[in-house]
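Good morning, everyone. Please look at the structure on the screen while I talk about how some helices pack and where empty space is left.

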Amino acid sequence: MNKHLMETLKGRLFHINVCSSLSFVPSDTQWDHDPRVYRRTSQCDRLCVDIGSHVAETPSPDVSHQYTPKCLSAHKGEATACPEVWQDGSSLRTTIRAENEVEANKLANNYRFGFRKWKSHVTERPIEDRSDIVRELYSELNFVRPQGSLITCGNIAYLILFGWWISLAYLLVCVLMFLTIIGVPYGKLCWKLSCYFLWPFGKSILKPRSLVRRCCVKFPHCEAIPEESDSKEVKESTPLLMPPSVPIEVPPQRTRYWCRVSTYVWLLLGYPLLGLIHSLACFLSWILVFTIPVAKMNARTLAIILLMPPEDVHIHRLKKPQGCDSQVLLCCYHAFNWYYYKYTLDGINVFAVNLLPLVITTLVVGYVDTENQFVSSEAKFAAAVSSIIPLSYYIGMGIASISAQSNFAVGAVVNATFGSITEMTFYITALLRGHKAGTKCYEEIVKAALTGTLLGCILFIPGISMIIGGFKHREQRFNSRSAGVSSALLFISVGGVFAPTLFSKAYGSLVCAGCSSSQANTSGPFTCMDCHYDMSGSNEPLYLRHIEPLVYTISVLLPSAYLIGLIFTLKTHSHIYDIQVRTGMCGHGTVHWSRLRALSVLIMATLLMAACADLTTEHIKPILDHSAISQYFIGVTVLAMVPEIPEIFNGIQFALQNNISLSLEVGNCIAVQVCMIQIPLLILFNTFYVNVHFINIIDVGFVLLFSDLHLWASIFSVIVVNYIFMDGKSDYFQGTALVVVYLILLALYFFAPSPHAC
C-alpha cells in the first residue's frame, strides 16, 4: 500500500503526509486530533512514511512515546528532520512540529522537569509561514485588498475616540495655511486629509509614479501596487526592449521640493502642530493595543505623507480599480482588530512592551516621592505590584531563550536559579523590612504568599486551563505517568515543608488569648477568641533543641529530592519527558535574543524586580493597617498570584492547543520549585542573616511554622488534584471542580481573622 502511494505521489508539486494516524500541526506548534490540520510551509515540507502503522485516534501530547517513524526528505534534496512521533504500548501516536532546532529544544524543555514552560517563540518566524490573520497584523497598511463591510463597531469607536479631533486639527491647520497665502497648496492638502481622517476606511492615499514602464512590467494586472522606494534603480533583469504598446510618460518639470519657500513655511507652522496631534493619537492607540492599526496609520502619515509635495498626495475611494501609474501610501479598512494580542516586537509581546514604561515610572515616583506628597502609598503599592507582571514576562523569555540555545544541564541550572531568585526578591525584602520594623507581621505575609502560590499553582492554573481548553476540546488526555512523577514530588515537597508545623502541633504548647467565662458559672469552660501554638517564651527550648534541627534537615533533604528528580527525568528516565529531535532540523533559525542578550535581560529584570518588591513591601503597611480584609487574603491573592499571571496565560494557551499536559506541568513545576528551592533558600538566608546580626530568630525571622489554615488548605489541595489527575483525562467539569475548591479556600482566607502578629 505504501509503495503504491509513493509511486502515485511521484512528480507532484505538493507533499502529502501518509504517516498513519499522525496529526500534523501548523508552524505555531498547534496540537489537534485531525490529520487534516497539517499546513505545508515553505521551510520544511516533508514526506513521511510510517511503515506498518495502523490507524488510531491521536490524543493530546503524550511525551512518554518512543520515536518510531522512517522519514524521507522531499524538499529540494535538503536534509531535514521528520516531525517527532512517539508510540506507547497502547499504540497512541502524537506529533509535534518545530520550525528549527532552537524551537525544537524549547519545546523539549517544556516537557522536562524543572524547566519553565514557555509558549512564545524564541526564534523569528517567516511571515510567509504565518496565517493570513497574523500576516495582516504586520502589514504596513499600504496595499489594496477586497473590502468587506466598513460599518463596524471598531470603526465607529475610531470616529468617537480619534477621528473627530484629528480632523479638527487638520481643519485648523488648513485655515492657518490659507492665511499665509504662500502655504495655500498645503492648506488644500490639510482639507483633503481632514476629510480623510474623519473616516479613513475604504479610502486610499496614492502617489503618482513616474516610471510607468517599470510598474506595468512588474505588475501587469495591478490595481495599485505597494509602496517602493523611488531610489531603487531598474534591476538588470528588467527587459531592455519593451513592447510598442507600453506607454512611456515623462514627468513634467517642476520646482524641487526643498527649493520652495512654501515647504519651509509648512515645516515651521503646520507640520509641528500636526506632528504633535499624530504623536498623541499614535501613543493612545498603541497603548490600547487592539487599535494598533490607528497607530500605524498616524505614524505613516507623519513619517511619509506630510513630508511629500502636496500635489503628489491623492485621495481616492476604492470603488473602481486604480491604474498602474500610482502606488499605495496608506489604505486602512479596520481600526480595531482583536488578534493584536498576538503582536510582538522582537519576540516580545506588545502588552509587555506597553507595560515597561509603567515599571520605570513606578520606580522613579516611588524613590523620588519618599514622603508620599504627590502619590499615595496605596497607588504606589498598586503600581509596584502591577510592574511585576511585565518583569515576570521578561524573566520567562530570558530563561526560555537561554535554555533553548544551551544543553539541558545549563538550562536546568538557569531555570533553578533565576526561576527561584526572582520570585524570592519579595520574600527577602519583606523579611528585611519586618526585621527593621521589629514585627513578625511581614513574616506572616510571606507565609501567606507562599501558601497562595502553592494553592494557585496546584488548583487555579490547571483548573482554568481545563475549563477553557474543555470548551474547545471535548476531552483532553495527558500522560498520567509523567503527571504521576510531578505529583509524587509535590507530595514530598508539601509534606516536607509542613513537617515542622505538624511536629509543633504534637509537642508545642497551646496558648489562648481573649478568654472569658459565663458570669453565672465561674467554674465552667472558658471561651477563647485566639488560640495558637506559641514558639516563644517558655517554648523556646523546644524550638531550639528539636524544631530548628528538623527545619535544617528538611532544608537539605528537599533540594536533594529536587536534584534526584532532575537526574530521574533528564538522565535515567528521559523518555518520560524528552522529545526526540534530530539535529539539523531546518537549521538553527534566527533567535530573537542571543544568550548574552538574554542573560543581560535576566540580570536587569531581576534587579528591577527587587526594586519593585522593595516598594511593594514599603507601601503595604498602610494597607495592612487600615484594610478591613484579612492580611491572609491579601497575601494568598495579590502577592501570590500577580507574579504568576504570565504563567496563567501560558497554561491557557497550551490548553487551547489541546496540549493539556503542559498546562498541568506549568503549575506543578512552580509549586515544586517553591517548596524544594525557594523555601530552603529562605531558611538559608534567614540563618545567615540571624547569625551575622546576632538576633533572636524566634522574635524576628523566618520560622518554618505555618498556621492551621495554611497547613490543611495545602494538604487538601494536593489530595484533590491528585485524585483528579488519576485517569489521565480532563474536561471542563474537572477544571470547574478545581477552581471551585480554590474559590472556597479563598473564601476561608477572606473571612479568617488577621494573624495575631499583625
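Start with one pair: H5 passes H7 in a right-handed crossing. A crossing is right-handed if the near helix is turned clockwise from the far one by less than a right angle, and left-handed if anticlockwise. Helices here are DSSP runs (H or I, at least four residues; strands are E, at least two), numbered from the N terminus.

A word on the source. This is a predicted model: local features need pLDDT of at least 70, side-chain atom pairs count only at pLDDT 80 or more, and totals for chains, interfaces and linings use all residues. Residues are numbered from 1 along each chain as its sequence is written, and side-chain values use heavy atoms, with hydrogens and water left out.

Back to our pair. H5 covers residues 184–198 and H7 covers residues 261–287. Their axes come within 11 Å and cross at roughly 20°. Axes are lines fitted to C-alpha atoms, for helices over the stretch in contact, with angles from 0 to 180 degrees between N-to-C directions. H5 and H7 are therefore roughly parallel to each other. The cut-offs: under 35 degrees is roughly parallel, over 145 roughly antiparallel, 65 to 115 roughly perpendicular, and the rest oblique.

Which residues of H5 meet H7? Tyr186, Cys190 and Phe197 do, and they meet Ser262, Thr263, Trp266, Leu274 and His278. Contact means heavy atoms within 4.5 Å. By class, that contact has five nonpolar, three polar and no charged residues. Nonpolar means Ala, Val, Leu, Ile, Met, Phe, Trp, Tyr, Cys and Pro; charged means Asp, Glu, Lys and Arg; the others, Gly among them, are polar.

Next, H10. H9 (residues 350–368) packs on H10 at about 135°, with the axes 8 Å apart. H9 and H10 are therefore oblique to each other. The crossing of H9 past H10 is left-handed. Among the contact residues are Ala352 and Leu356 of H9 and Lys380 and Tyr394 of H10. This contact has 13 nonpolar, four polar and one charged residues.

H10 also meets H15 (residues 595–618): axes within 8 Å, crossing at roughly 160°. H10 and H15 are therefore roughly antiparallel. This crossing is left-handed too. Its contact divides into 18 nonpolar, six polar and one charged.

Last, empty space. How many cavities of 30 Å³ or more does the search find? The answer is 13. A cavity is a set of points, on a 1 Å grid over the protein atoms alone, where a 1.4 Å probe fits but cannot get out; lining residues have an atom within 4 Å of a point. The largest holds about 170 Å³, a volume being the space filled by probe spheres set on the points, which are joined across faces, edges and corners. It is lined by 15 residues, with Ile388, Thr422, Glu423, Pro643 and Glu644 nearest its centre. H11 gives the most, with five residues.

Terms used:
1 Å grid on protein atoms, 1.4 Å probe; cavity = no way out; pocket = protein on both sides within 12 Å on 5 of 7 lines; lining within 4 Å.
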